[in-house]
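Here is a walk through a structure you may not have met before. Take a moment to look it over, and then we'll go through it piece by piece.

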Amino acid sequence: MLAILIAFGAFFTWTKFFREEKEVFANEEEHFKYGSLGAEGDRGIPYYLWLVLPRVFSDLMPGPGGYKSFGVVWEEGHEIPVGFSKKVVGFARITNNCAVCHTATYRLSEDEVPHVVAGGPGQTNNLQNMLRFLFKAAHDPRFNSDIIMNEIRLVNANNYGNGGLSFMDRQIYRYLLIPLTKKALLKQEKQFTWMERYVADGKPKPHWGPGRDDAMNLTKYFMTSMPEDNTVGPTDFPSIWNLGIRSGTDKTGKQMLLNWTGDTPAVRSVLIDSALGLGAPARPWFLQRMADLDRYLSNLPVPPWPFAETNPINRQMADEGQKIYARDCASCHEPRAEFTNKVVPIAEIGTDPERMHSWAKVAAEEANRRVKQLGIDRPPMVERDPYGYLSPPLDGIWLRAPYLHNGSAPTLRDLFNSPNERPQTFHRGYDVFDPINVGFKEPPLRQVGPNGELKQPYFLFDTRQQGNGNQGHTYGTQLPNEDKDKLIEYLKTL
Amino acid sequence: MLLVAVALIAIVCLFFVARFTRDDPITYADAEEHFKYGSTGGERESGIPYWVWKVLPKMFPEYLPGKIYTPGTEYASLGFLYEPGKDLPIGVSRRNTQGLDRVFLNCAICHAGSVRETPQSRHTIYAGMPSNTVDLEAFERFIFACASDQRFNVARLMCEMEAIGGKYDLINRLLMRYYAIPLMRERLIMLNSHFRFVNWEPEQGPGRTDTFNPAKTLLEFPLEQLETRELVGLCDFPSIWLQGPRKAQHLHAHWDGNNSMMEERNKSAAFGTGTFPPTIDLKQIARIEQWLLYKEPPKYPFSFNEQLSAQGEKLYAQYCANCHGRNGRDFTGPHVGNVVPINQIGTDRHRLDSYTEELAAAQNTLYAGYPWRFSHFRKTFGYVNLPLDGIWLRAPYLHNGSVPTLRDLLNPSAERPTVFYRGFDVFDQAKVGFVSDVSRFEDDGRSRDDPGNPRRYFRFETQPKPSGATPRDRNEGNSNVGHEGPAYGTMLSPTEKDAIIEYLKTF
């Protein structure tokens with residue numbers, strides 16, 4: 001009798017909490033966009049809870065549209081945004097994957113649906129806002145089972161024979177999943193307190209804004225026990241297509257590096273460290289997934305200039321621009337060239353130094369030890385204090401705006417102007433493309449609410465804030481205007 | 001002794017279980033009756049106790065447009081249609097759930113209409129046509145006003161219900177007192193706040209609603225943060241017959257063509273009948289769905305000129321068929337179901353702008369966890385070309401119902417009426433549409449010229465007002481421009497226009 005009870009209990013527990021359903025995707029791109037990295041155990045939010053959070057806490061949302069108001073990419077007909085995964089491990093759970101930061105959108109006008117490019121920099125997504133929303137919600141007195149179940153009851157419940165959450169499932173939500181998720185979020189928040197620090201002059205750290213995260217501080221506080229510091233290192237999400245050209249050694253046999261200060265020597269290591277940051281556990285399954293992603297991203301083609309109809313590339317100008325590129329840019333930016341994927345010392349490049357300060361040799365050493373302890377064998381991070389910024393290849397550069405490591409120059413044209421001519425402030429997160437200057441347009445003001453108040457809903461980027469400086473990389477700024485035009489024309493072809 | 005006690009307790013328990021799990025809709029053998037009076041499941045979560053429904057007009061007649069209590073046809077002044085021998089109007093269904101009789105709206109509230117040849121003739125009811133009389137906004141305002149009134153309290157309601165014959169047994173008296181009435185009040189007050197957007201857009205009037213701002217409030221979008229341009233979602237109710245051929249052609253529907261899947265559109269509309277994914281009555285909805293596949297629009301019942309119609313057929317083929325289908329039954333044509341960019345069609349863009357990418361994305365989460373989760377909504381940038389089956393019953397015209405008759409629609413917008421009245425069901429055979437120049441209702445024995453007569457038809461003004469704080473103050477969304485120019489037949493001669501109209505009567 002007892003044995004039967006125990007067996008039944010074990011089966012029940014397995015079914016309701018541990019049973020994994022295999023994910024099936026039509027192709028690799030779908031898998032990249034919606035596949036799990038296996039972080040359900042640590043970071044999974046129960047699906048129905050995730051679904052109703054924007055409804056219960058609508059006043060904490062940045063705007064109308066549910067999760068879309070954080071700037072995530074949401075494709076037509078899909079249940080969840082790009083970069084989200086819904087996987088059943090006992091119950092359906094939502095986690096994030098690489099695509100949440102690495103999927104770009106663009107359009108020529110607001111009168112069309114955005115085009116989605118997997119592997120592009122997710123320039124519209126405000127990740128920090130989303131994290132803050134979850135933490136704020138977890139602190140809110142409304143985050144309780146009564147209120148949340150009231151909302152879930154209207155979404156999915158098998159009360160009248162339509163199927164859906166059974167009585168038992170709802171009790172699991174009420175007494176376990178909702179309180180446990182609240183607890184987990186509050187615990188997780190502690191890993192992010194560094195984000196909300198007040199820095200030396202009594203000001204809060206500048207916001208990441210859409211399209212950026214404080215990459216090395218994230219790594220530092222996940223993978224090391226270093227004390228919180230005042231560094232501010234938000235960097236633009238990079239494109240992660242065509243990773244193959246960034247892998248291995250250059251023409252002269254020198255090791256190529258990745259990350260903005262050349263912190264890592266191998267694509268696989270970047271992938272693994274980023275995925276660990278999303279809460280993925282180091283299982284064999286995980287390493288296999290990393291290998292698959294490595295292969296997929298290494299060969300992911302670069303999106304060609306898509307405006308052939310409306311804004312075709314002027315071939316003659318581009319050809320002339322190519323000569324300027326070969327003369328002035330290629331040694332640092334041509335794939336596998338002498339200085340490509342190498343660190344250019346800060347005294348030479350002159351761009352904002354903050355990101356550099358956010359990482360250190362000791363951090364790399366400790367992170368390497370940690371990863372080794374997890375039983376993961378990967379090429380270790382470079383154990384050296386950062387001293388400059390990496391010069392990356394320019395494949396698909398047209399879709400990688402805003403420019404510089406901190407995204408402080410909105411368009412290529414701005415980048416070719418001397419720093420004091422670059423815009424001091426601009427808005428980020430808008431995806432209407434400017435095919436002339438190459439970058440995203442400045443969003444117009446909106447009339448909002450019944451009384452038509454004029455508002456700018458997009459993120460104000462202020463280059464005067466710590467870490468946001470738009471100085472440096474003055475290469476090409478002295479060119480005559482017609483040469484700049486030709487160079488930009490050529491860059492569209494990359 | 002113990003056994004008897006146990007048995008007794010078991011019986012009592014069974015009684016309560018049976019009573020509180022009861023879920024019996026009133027059913028109808030005839031499909032059309034089912035459409036008009038059958039339940040979609042709205043009573044389960046949103047139901048109004050039957051006797052409360054009956055007593056509200058008696059307690060609060062001042063909140064009704066008619067200002068008087070008319071026993072038997074209590075809601076008639078809201079444009080609700082009563083058929084002889086029926087206790088509830090068309091579009092209101094009844095179900096016993098949890099042992100309590102409750103009523104709520106169904107599809108027919110917006111998709112059934114009435115036609116008369118003259119003010120003296122009898123009303124003919126057509127199921128599936130867009131309602132031309134029901135003022136949904138006025139109904140909402142009525143019921144919200146009741147719920148906010150101090151007289152809406154348990155003691156008062158219980159005794160008023162008893163006075164009109166409402167009888168409840170002990171259990172239901174307790175249920176009403178401690179659960180149903182307080183809950184109804186709480187829900188209505190909450191809903192009133194959710195529906196605050198109706199105060200920001202012009203009045204809907206009979207035959208119209210705002211389709212997608214309610215969806216935003218259902219998804220709890222913070223309404224004050226919506227862009228001003230998306231606040232006006234006014235549009236005419238559509239006809240819903242002949243869904244079969246539409247489905248076969250995967251026609252995109254809703255005025256902006258935002259969804260190609262009939263079942264999804266139906267479930268989306270059913271939110272308006274108070275249903276939620278867990279509470280919708282899928283069997284009953286499926287029956288309506290099935291019936292609508294092949295339900296034909298009624299034949300034009302008045303006389304018409306065959307010879308003129310034959311001339312019109314040729315003109316129709318030349319001017320209209322490419323976008324609207326070969327005729328009233330054959331919906332083929334190179335542009336049928338295509339979305340015409342807004343700059344090209346030129347009609348009022350508010351309804352288009354009220355539907356946003358954000359909403360389309362969030363609608364993907366509706367019916368989450370069910371195999372019929374929404375997945376066909378999309379943002380478009382124009383209005384869709386629709387088939388014209390039964391077009392004679394679909395007046396007023398254009399998506400916002402801003403043009404009273406077909407004949408007016410064939411005129412350039414400068415010649416279309418700028419002020420007319422909606423809600424009258426007498427048919428205008430010359431212009432095809434409803435008589436639109438009568439401002440007051442005179443069925444109750446009061447003259448249409450009596451300024452004290454409270455039964456007014458809805459005055460529709462098409463001109464925007466130059467200044468005003470809100471879209472409502474500026475009368476946005478009611479413009480009658482667009483769908484005009486040589487390609488749209490508005491430059492044809494009067495006889496040619498008459499011929500097209502004559503032909504459209506055959507649809």
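Let's begin with a bit of vocabulary: a residue counts as buried if 20 or more other C-beta atoms lie within 10 Å of its own, as exposed if 12 or fewer do, and as partly exposed in between. Keep in mind, too, that this is a predicted model.

Now try that out on Arg156(B). You'll find Arg156(B) in helix α6 of chain B, which covers residues 154-163. Is Arg156(B) buried or exposed, or somewhere in between? Because 15 other C-beta atoms lie within 10 Å, Arg156(B) comes out as partly exposed. If you'd like a sense of scale, pick out Asp24(B) as well: Arg156(B) and Asp24(B) are 132 residues apart in sequence, and their C-alpha atoms are 28 Å apart in space.

Next, hop over to chain A and its domains. The domain assignment splits chain A into domain 1 (18-100 + 127-196) and domain 2 (212-491). The C-alpha centres of domain 1 and domain 2 of chain A sit 30 Å apart. Where these two domains of chain A meet, domain 1 puts in 16 residues and domain 2 puts in 19 residues. On the domain 1 side, the elements that give two or more residues are α2 (28-34) and α3 (40-43) of chain A. Of these, α3(A) gives the most, with three residues. Sorted by class, that side of domain 1 of chain A has six nonpolar, seven polar and three charged residues.

So what about the interior? In soluble globular proteins, nonpolar side chains tend to be buried together. Here the largest nonpolar core holds 120 residues, and the members that touch the most others are Tyr48(A), Leu49(A), Val52(A) and Leu491(A). Helix α4(A) is the biggest giver to this core, with eight residues. Where does the core lie with respect to the domains of chain A? Domain 1 and domain 2 of chain A both give residues to this core, so it lies between them. You can zoom in on Val52(A): setting aside neighbours within four places in sequence, Val52(A) is in contact with Ile148(A), Glu151(A), Ile152(A) and Val155(A). There's also a second, separate core of 90 residues, which includes Ile109(B), Ala112(B), Val134(B) and Val336(B).

Time for some strands. Three of them in chain A form an open sheet in the order β1-β3-β2, with antiparallel pairing. The edge strands are β1 (45-46) and β2 of chain A, and each of these pairs on one side only. On one side of the sheet order, β1(A) and β3(A) pair over two bridges, and there Pro46(A) stands opposite Arg93(A) of β3(A). Strand β2 (residues 84-89) and strand β3 (residues 91-96) of chain A pair over six bridges, again in the antiparallel sense. Follow that pair to the turn and you'll see Val89(A) opposite Phe91(A) of β3(A). One residue sits between the two strands of this hairpin, and Gly90(A) takes a positive phi near 80°.

Finally, step back to see how the two chains meet. The contact takes 37 residues from chain A and 37 residues from chain B. On the chain A side, α4 (47-56) and β13 (446-448) each supply at least two residues. By class, that side of chain A divides into 12 nonpolar, 17 polar and eight charged residues.

Technical notes: Residues numbered from 1 in each chain as written. Chains lettered and ligands numbered in written order. Predicted model: local features only at pLDDT ≥ 70, side-chain atom pairs only at ≥ 80, totals over all residues. Helix = DSSP H or I, 4+ residues; strand = E, 2+ residues; numbered from the N terminus. Pairing = 2+ DSSP bridges. Contact = placed C-beta atoms within 7 Å. Nonpolar A, V, L, I, M, F, W, Y, C, P; charged D, E, K, R; others polar. Domains from an automatic or database assignment. Core = buried A, V, L, I, M, F, W, Y, C linked by C-beta atoms within 7 Å.
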